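Hi everyone, thanks for coming. Have a look at the model on the screen, and then I'll walk you through some side-chain contacts.

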Amino acid sequence: MTEEAASTTCSARGCGNAATWALRWNNPKIHTPDRRKTWLACDEHKAGLSDFLDRRSFLREVEPFT
């Protein structure tokens, strides 16, 4: 798998589906407020990954990924 291909696949463990969502998050204990990390998600894993980040108060935005 090339680096470019890896960067457009879902971030869920073991998932190789194309990403359709970008989950923007930050950890306020280690990141400045304007810093965003990104996890990519397919439709199947969007809810689970969003819930994981939201439970930790890390989730900031969810945007379509094209």
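**Charged pairs and rings**

Okay, let's start with E63 and R24, whose side chains meet in a salt bridge at 3.2 Å, N to O. By salt bridge I mean a side-chain nitrogen of Lys or Arg within 4 Å of a carboxyl oxygen of Asp or Glu. This pair links distant parts of the chain, with E63 in strand β3 and R24 in strand β1, 39 residues apart. Helices (H or I, at least four residues) and strands (E, at least two) are DSSP runs, numbered from the N terminus.

Quick word on where this comes from: it's a predicted model, where local features need pLDDT of at least 70, side-chain atom pairs count only at pLDDT 80 or more, and totals for chains, interfaces and linings use all residues. Residues are numbered from 1 along each chain as its sequence is written, and side-chain values use heavy atoms, with hydrogens and water left out.

So how many salt bridges does the structure hold? There are 3. Another one joins E61 and R36, again with 3.2 Å from N to O. E61 sits in strand β3 and R36 in the loop between β1 and β2 (37-41), so this pair ties together parts that are 25 residues apart in sequence.

Then there's D51 with R55, where the closest N and O atoms are 2.9 Å apart. Both lie in helix α2, 4 residues apart, which is about one turn of the helix. Are they buried or exposed? D51 is partly exposed, at 39% relative accessible area, while R55 counts as exposed at 55%. Buried means under 20% relative accessible area, exposed over 50%, and partly exposed in between (1.4 Å probe, protein chains only).

Now the rings. A search of the whole structure finds 3 aromatic pairs. In W25 and F58, the ring centres are 5.9 Å apart and the planes are at 20°, so the pair is stacked. Rings of Phe, Tyr and Trp (its six-membered ring) pair if their centres lie within 6.5 Å; planes under 30 degrees apart count as stacked, over 60 as edge-to-face and the rest as tilted. W25 and F58 are both buried. Ring pairs also link W25, W39, F52 and F58 into a cluster.

Last bit: R56 lies over the face of F52, at 3.6 Å from the ring centre. That counts if NZ of Lys or CZ of Arg is within 6 Å of the ring centre and within 35 degrees of the ring normal. K46 does this with W21, at 3.9 Å.
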